[in-house]
Amino acid sequence: MAQIMGAGWARLGTAIARARTGANNRLKPWLKIAGRPLHSIARYAPKGLYPRALVIVIAPVVLLQSVIAYVFMERHWQTVTQRLSSAVSADIAAMIDVYESYPQDADTSVLSRIAADRLGMDIDIIPNTDLPPPGPRPFFSLLDSALSAELAQQVARPFWLDTVGRSSLIEIRVKLDKDVMRILTRRNSAYASNSHIFLLWMLGTSLILLTIAVLFLRNQIRPILKLADAAEAFGKGRDAEFRPRGAREVRRAGNAFIEMKRRVERAVGERTTMLNGVSHDLRTILTRFKLSLALLERSSEIEALEKDVDEMARMLEDYLAFARGDAGETAVETDIRGLLEELKSDAERQGHQTELTVVGDPLVVVRPDAFRRLMTNLVSNAARYGDRIAIRATHDARYLIVMIDDDGPGIPADQREDVFRPFFRLDEARNVDSGGTGLGLAIARDIARAHGGDIILADSPLGGLRATVRLPV
């Protein structure tokens, strides 16, 4: 029974998995189509945290204010204006009815008095005239459209309307049989003139609140930017002063960064101390070898042994330098022009034709000894395989770029990444005398990456190899 139930549950699980897979396959085209607008929006959306946070804060406020303004205009302002215009139109229609029903008021003095006392209107009759030509209509006026509609409905006579000429009064002229009735009434009798105060208060308070929100948001973003600057400086080998501030989560990330930085520095320090001890012990043994060989009688075998001991000492220094990585050095402002001129002089003393060009400010913040070793390894590599060397350094606002060209045989494109591996040499016989230890380029890239940059190998215009060092500044 248990086996039957187990098999049934297994078949049910398989059926559910198949149904889910089929549903996902059917939904994929629709999800892809629905995701296209989102990709378009993401393409033009701001990339920084601060502008994105501003959009998150401002967009809902702007949307809310727009909805409130629309509802207010649609429900309140327009409705009140329409009702006021309807009341004014009804009063004008009543005055016309009074004028036509009581002809005994020939001079319209009673009509004018009633209109002035009861309705707040100034009415007079212009005999034997026509309506003036229609004037320009305002581009956007609730009063003009609402009052025109009400007059056309309630008065049902030709009329002329001016809501623009006088700021506080409205002039209306209605065509009677031969005469024209001119009405002057207050603008606020037909128009909700104080409604804009609500909009001004709404916009003013919104601007004040948004300004306060932007200031607070900037204070919240600043600790994140400082954390990013400290991490970037640490990646470049610089010691930036940083104290966690801001919200609890930001302080937590800052404390985690500081703890990680301490662990890395402690691990590097322990490794450096260990390597210094190893190097001291090995140098002591090599010194004993040299002393023992110096006490023996000179012969070809002794000279070969001395040569091997010297080569072993050189290899030991290279190994320790690669493993140590010069991590204990502090980055300071360094004059790269003077450093490169020294390398140029050394190459010329070895019989190589060398050119040097420095563009931009020669002062750069680097680890001077490590940077010297980086440049020395690259120039030595160029001098080993070429006769002509060209060094060009460019310092702009973002990067320090140093290009070293030679006219040697170069390196095949498929092996340009392999030469950066430790102990890799292009010579097949692995001859240490001619090929070195295979650590020069590995040490150079390790130093470049410790500064936050890298080394790229390419073809040189001189016909050999071009080594490009790019370091952020």
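Let's start on the surface. Met 274, Val 278, Leu 282, Ile 285 and Phe 289 make a nonpolar surface patch of about 420 Å². Keep in mind that this is a predicted model. Where does Met 274 sit? Its place is in helix α6, which covers residues 248-295. Now a general point about helices. An α-helix has 3.6 residues a turn, so residues three or four places apart point the same way. Look at the numbering of the patch with that in mind: 274, 278, 282, 285, 289.

Now the overall picture. The protein chain has eleven helices and eleven strands. There are 473 residues in the chain, and 32% of them count as buried. The chain exposes about 29,700 Å². Carbon and sulfur atoms supply 58% of that area. What about contacts along the sequence? Take the contacts with a separation of 6 or more. Residues 24 or more positions apart account for 66% of them.

Next, the inside. In soluble globular proteins, nonpolar side chains tend to be buried together. Here, the largest nonpolar core has 37 residues. Which residues have the most contacts inside that core? They are Phe 371, Leu 374, Met 375, Leu 378, Ile 404 and Ile 455. Several elements each supply at least two residues of this core. Among the helices are α8 (336-349), α9 (368-385) and α11 (440-450). Among the strands are β7 (363-366), β8 (388-395), β9 (399-406), β10 (454-459) and β11 (465-472). Helix α9 gives the most, with eight residues.

Let me pick out Phe 371. Leave aside residues up to four places away in sequence. Phe 371 then touches Ile 336, Leu 339, Val 366, Leu 400, Ile 447 and Leu 471. Apart from this core lies another one, of 21 residues. Its members include Ala 93, Leu 151, Val 155 and Ile 172.

Let's move to Thr 185. You will find Thr 185 in strand β4, residues 180-186. Is Thr 185 buried or exposed? Thr 185 counts as buried, at 3% relative accessibility. What does Thr 185 contact, leaving aside its neighbours within four places in sequence? The answer is Val 88, Gly 120, Met 121, Ser 168, Leu 169 and Ile 170.

Back to helix α11. Its buried residues are Leu 441, Ala 442, Ile 443, Ala 444, Arg 445, Ile 447 and Ala 448. Just after α11 comes Gly 452, with a positive phi of about 90 degrees.

Notice the arginine in that buried list, Arg 445. It leads us to the charges. Side chains of opposite charge can pair when their charged atoms come close. The structure holds 15 salt bridges. In one of them, Asp 454 pairs with Arg 445, with the closest N and O atoms 3.2 Å apart. Arg 445 counts as buried, at 8% relative accessibility. Asp 454 is partly exposed, at 27%.

Asp 454 also meets the side chain of Arg 449 in a salt bridge, 3.4 Å from N to O. Arg 449 counts as partly exposed, at 47% relative accessibility. Which residues does the network link? Salt bridges join Glu 417, Arg 445, Arg 449 and Asp 454.

One more salt bridge to look at. The side chains of Asp 418 and Arg 421 meet at 3.8 Å, N to O. Asp 418 is partly exposed, at 24% relative accessibility. Arg 421 is partly exposed too, with a relative accessible area of 43%.

Last topic: aromatic rings. A pair of aromatic rings is described by the distance of the centres and the angle of the planes. How many aromatic pairs does the structure hold? One. The partners are Phe 242 and Phe 257, with ring centres 6.0 Å apart. Why is the pair edge-to-face? Because the planes stand at 80 degrees, and over 60 counts as edge-to-face.

Where are the two rings? Phe 242 lies in the loop between α5 (196-235) and α6, and Phe 257 lies in helix α6. So the pair ties together parts that are 15 residues apart in sequence. Phe 242 is buried, with a relative accessible area of 16%. Phe 257 counts as buried as well, at 10%. That brings us back to α6, the helix where Met 274 has its place.

Note on methods
Residues numbered from 1 in each chain as written. Predicted model: local features only at pLDDT ≥ 70, side-chain atom pairs only at ≥ 80, totals over all residues. Heavy atoms only, no water. Core = buried A, V, L, I, M, F, W, Y, C linked by side-chain atoms within 4.5 Å. Buried < 20%, exposed > 50% of the residue type's maximum accessible area, 1.4 Å probe, protein only. Helix = DSSP H or I, 4+ residues; strand = E, 2+ residues; numbered from the N terminus. Contact = heavy atoms within 4.5 Å. Patch = residues over 30% accessible without salt bridge, like charges linked within 9 Å, V, L, I, M, F, W, Y side chains within 5 Å. Areas by Shrake-Rupley, 256 points an atom, 1.4 Å probe, with all protein chains shown as cover. Salt bridge = Lys/Arg side-chain N within 4 Å of Asp/Glu carboxyl O. Phe/Tyr/Trp six-rings, centres within 6.5 Å; stacked < 30°, edge-to-face > 60°.
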